[in-house]
Amino acid sequence: MKRNIIIVGSGPSGYTAALYAARANLNPLLFEGSQPGGQLTITTDVENYPGFPDGVMGPELMDKFKNQALRFGTEIKNKKIDKVDFSSDNLRLWSGSEEFSAHSVIISTGASARLLGLESEKKLMGYGVSACATCDAFFFKDKKVFVVGGGDSAMEEAIFLTKFASSVTIIHRRDSFRASKIMQDKALNNDKIDVMWNSSVLDMIGEPEDGGLKSLLIENVLENKTFEVDADGLFLGIGHTPNSEIFKDSINLDDKGYILTYNNSTETSKKGVFAAGDIMDPIYRQAITAAGSGCMAALDAERFLENLHI
Ligand code: NAP
């Protein structure tokens, strides 16, 4: 059956698009992808989502989004789309060998944690190295941990880790953070947090079968000095990469892989394909802006379908 709208991804943008499309009687089909609920499911308190004056836990907020989309008839599949063909007006998508088709598609696949790209990082991921403090901090009770990065993510990870670790050191490649002032202040005023300025992680030392990460090889980039420090844990807080790999041959992306949108709307370079949330937003990247663009994408798709007279 050819669908009116297929939504790929299930963060704030995907669920909001589904809510609006369902309420417009367009019977949307939504694919949750490999991280149902998106990045907010791996955060704790969300204090900046309007309407929750006392804050709300990330997973709880996403459950509410999902239930609201379901209430109006969204069909949700716990599957991942891994291939698309947008070469004709019959938009085709595959999950494994199963094929789906639609008149319109909303892409809301979000972004994933960026890694340093070291061989040792691959080997030790899950063995002392992590890209999600909320998921793994619990395993570092009374341990000595490090966080790489200088943005809000790194500050948030470091602050969260102080609830468990004995010490937290932020390793940052420059001499100032890019994080918001409020987050910097919170981190810098925390007694358990130290900062290694102008420093880069050159290597992670340890073996998965021998207790995992043992130490870090660090370079002070100003003094050109290399040294080793004992480490039980290393958390990467260096930003995110848009999940646009499967779309790269079908629609226009910018040089960082974010989907380009046109005409002050969520339209992409392919007619009938719309993009919402972190996948098309390298600037704001907030749950509320993602939800807002999910709404825009559903309205844009609705108008597009109206003009098709189907
Ligand atoms: P970001 O702002 O892009 O910061 C990434 C940080 O990692 C930068 O400090 C960058 O260093 C560093 N970095 C990047 N690649 C690196 C590498 N290969 N080696 C070493 N360091 C590297 O990313 P983000 O912190 O994830 O924040 C993204 C957006 O989400 C921001 O708009 C932020 O405000 C928002 N956010 C908000 C909250 C909150 O309000 N609670 C929490 C998390 C994120 P340089 O500074 O030298 O470039």
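This is a short walk through one protein structure, from its overall build to one pocket, one helix and a handful of single residues.

Before anything else, please keep in mind that what you see above is a predicted model, and that every value I quote was computed from it.

Let me start with the whole chain. The secondary structure comes to 7 helices and 19 strands, and along its principal axes the C-alpha trace spans about 65 × 40 × 35 Å. For 310 residues, a compact globule would have a radius of gyration near 19 Å, and the protein has 21 Å, which agrees with that expectation. Of those 310 residues, 47% count as buried, while the protein exposes about 15,600 Å², with carbon and sulfur atoms supplying 48% of that area. If we take the contacts between residues at least 6 apart in sequence, 59% of them join residues at least 24 apart.

Now to the second largest pocket, which holds about 190 Å³ of space. It is lined by 13 residues, and the ones closest to its centre are Thr16, Leu19, Tyr49, Phe65 and Gln68. Three elements give two or more residues to this lining, namely helix H1 (12-23), helix H2 (58-71) and helix H7 (287-308). Sorted by class, the lining of this pocket has 9 nonpolar, 3 polar and 1 charged residues.

One of those central residues, Gln68, deserves a word of its own. Gln68 sits in helix H2, and it counts as partly exposed because its relative accessibility is 40%. Its C-alpha atom is separated by 41 Å from that of His172, which is 104 residues away along the chain.

Next, helix H5, which covers residues 152-161. How many of its 10 residues are buried? The number is 7, so that the helix is mostly covered under the 20% cut-off for relative accessible area. The buried residues of H5 are Ala154, Met155, Glu157, Ala158, Ile159, Phe160 and Leu161, a list in which you will notice Glu157. As for what covers them, the buried residues of H5 pack against two helices, H4 (133-136) and H6 (181-188), and against strands S11 (144-148), S12 (167-171), S13 (193-196) and S17 (233-236).

From here I turn to two neighbours in sequence, Asp85 and Phe86. Asp85 lies in strand S6, whereas Phe86 is found in the loop between strand S6 (83-85) and strand S7 (91-95). Buried or exposed, where does Phe86 fall? Phe86 counts as buried because its relative accessibility is 4%, while Asp85, at 25%, counts as partly exposed. Leaving aside neighbours within four places in sequence, Phe86 is in contact with Leu91, Arg92, Leu93, Val105, Ile107, Phe247, Ser250, Ile251, Lys270 and Val273. Asp85, with residues up to four places away again not counted, touches Asn90, Leu91, Arg92 and Trp94. The distances are worth setting out as well: Phe86 and Asp249 are 163 residues apart in sequence and 9.1 Å apart in space, C-alpha to C-alpha, whereas Asp85 and Asn67 are 18 residues apart in sequence and 30 Å apart in space.

Lys123 offers another link across the sequence. It lies in helix H3 (residues 119-124) and, at 36% relative accessibility, counts as partly exposed. Apart from its neighbours within four places in sequence, Lys123 is in contact with Gly206, Glu207 and Pro208, and its C-alpha atom is separated by 9.8 Å from that of Leu213, 90 residues away along the chain.

Finally, a point about the backbone. Most residues other than glycine have a negative phi. Asn198, however, has a positive phi of about 50° although it is not a glycine, and Arg285 likewise has a positive phi, near 50°. Asn198 lies in the loop between S13 and strand S14 (199-207), and Arg285 in the loop between strand S19 (273-275) and H7. As to their surroundings, Asn198 is buried, with a relative accessible area of 13%, while Arg285 counts as partly exposed at 40% relative accessibility.

That is where I will stop, and I am glad to take questions.

Definitions and conventions: Residues numbered from 1 in each chain as written. Predicted model: local features only at pLDDT ≥ 70, side-chain atom pairs only at ≥ 80, totals over all residues. Heavy atoms only, no water. 1 Å grid on protein atoms, 1.4 Å probe; cavity = no way out; pocket = protein on both sides within 12 Å on 5 of 7 lines; lining within 4 Å. Points joined across faces, edges and corners; volume = space filled by probe spheres on them. Helix = DSSP H or I, 4+ residues; strand = E, 2+ residues; numbered from the N terminus. Nonpolar A, V, L, I, M, F, W, Y, C, P; charged D, E, K, R; others polar. Rg over C-alpha atoms; globule rule 2.2 N^0.38 Å. Buried < 20%, exposed > 50% of the residue type's maximum accessible area, 1.4 Å probe, protein only. Contact = heavy atoms within 4.5 Å. Areas by Shrake-Rupley, 256 points an atom, 1.4 Å probe, with all protein chains shown as cover.
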